[in-house]
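Where does this protein leave empty space, and which residues surround that space? The paragraphs below take the open space first and the enclosed space after it.

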Amino acid sequence: MRAFPNILIVGTPGTGKSTLCEQISETTGLEWVEIGKIATAEKLFQEYDPTYGCHVLNEEKLLDEIEDQMEDGGKIVDYHGCDFFPKRWFDIVFVLRTNNTILYDRLVHRGYTGKKLQDNVQCEIFQTILDEARESYSPSIVFELQSNTPDDMEDNLERITEWVNQYKQNNNLPMQT
């Protein structure tokens, strides 16, 4: 067992993953591993997808890039997918979910249009990411969290911080308040 836990935060774009991960990192002292930033900095892409207006991640290159740091523990990883990450890397997985109307507005505000907007909202409607997490990891470590309001975000931060503190207590490590 790692001294410090690894946490995976997943969800459809616009569900608040980055905001929550930043807050968790500040509160718990765990290191936030920003997959998008790493992929951009290290050029870990296969190609550019003009339909969605974004690069396609080379998952194998990404895994090679972060494997050593994941083995150390103490990491929070956020991404919109999870089925390619090794199961052994994570102690717990949180799937952020957002009401479709709220998500639609958030994505429009980000500049999403057309197929990209439609597909991401449908992904949330059909709980694609939640199902992917449940199929990829033990159901006992996968938790669904609502992420519609600032109060939800605060509740999620509190819940995850409590979990991290319990993990630390179980491993005789100093707590965060």
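In this predicted model, the largest pocket holds about 1,200 Å³ of space. Its lining is made up of 41 residues. Those nearest the centre of the pocket are Pro13, Cys54, Tyr79, His80 and Tyr112.

Several helices and strands take part in this lining. The helices that give two or more residues to the largest pocket are α1 (17-28), α2 (35-41), α5 and α6. The strands that do so are β2 (31-34), β3 (45-49), β4 (54-57) and β5 (75-79). The largest share comes from α2, which supplies five residues. Sorted by class, the pocket lining has 15 nonpolar, 14 polar and 12 charged residues.

A pocket is open; a cavity is a space that the probe cannot get out of. How many cavities of 30 Å³ or more are there? The count comes to one, and the volume of the largest cavity is about 40 Å³.

The elements giving two or more residues to the lining of this cavity are β6 (92-97), α5 (114-125) and α6 (128-136). The cavity is lined by Val95, Leu96 and Arg97, by Cys123 and Glu124, and by Thr128, Ile129 and Leu130. Gly11, Thr12 and Gln127 also line the cavity. By class, five of the lining residues are nonpolar, four are polar and two are charged.

Helices α5 and α6 therefore appear in both places: each gives two or more residues to the lining of the largest pocket and two or more to that of the largest cavity, with helices taken as DSSP runs.

Note on methods: Residues are numbered from 1 along each chain as its sequence is written. This is a predicted model: local features need pLDDT of at least 70, side-chain atom pairs count only at pLDDT 80 or more; totals for chains, interfaces and linings use all residues. Side-chain values use heavy atoms; hydrogens and water are left out. On a 1 Å grid over the protein atoms alone, a cavity is a set of points where a 1.4 Å probe fits but cannot get out, and a pocket is an open set with protein on both sides within 12 Å along at least five of seven lines; lining residues have an atom within 4 Å of a point. Grid points are joined across faces, edges and corners, and a volume is the space filled by probe spheres set on the points. Helices (H or I, at least four residues) and strands (E, at least two) are DSSP runs, numbered from the N terminus. Ala, Val, Leu, Ile, Met, Phe, Trp, Tyr, Cys and Pro count as nonpolar, Asp, Glu, Lys and Arg as charged, and the others, Gly among them, as polar.
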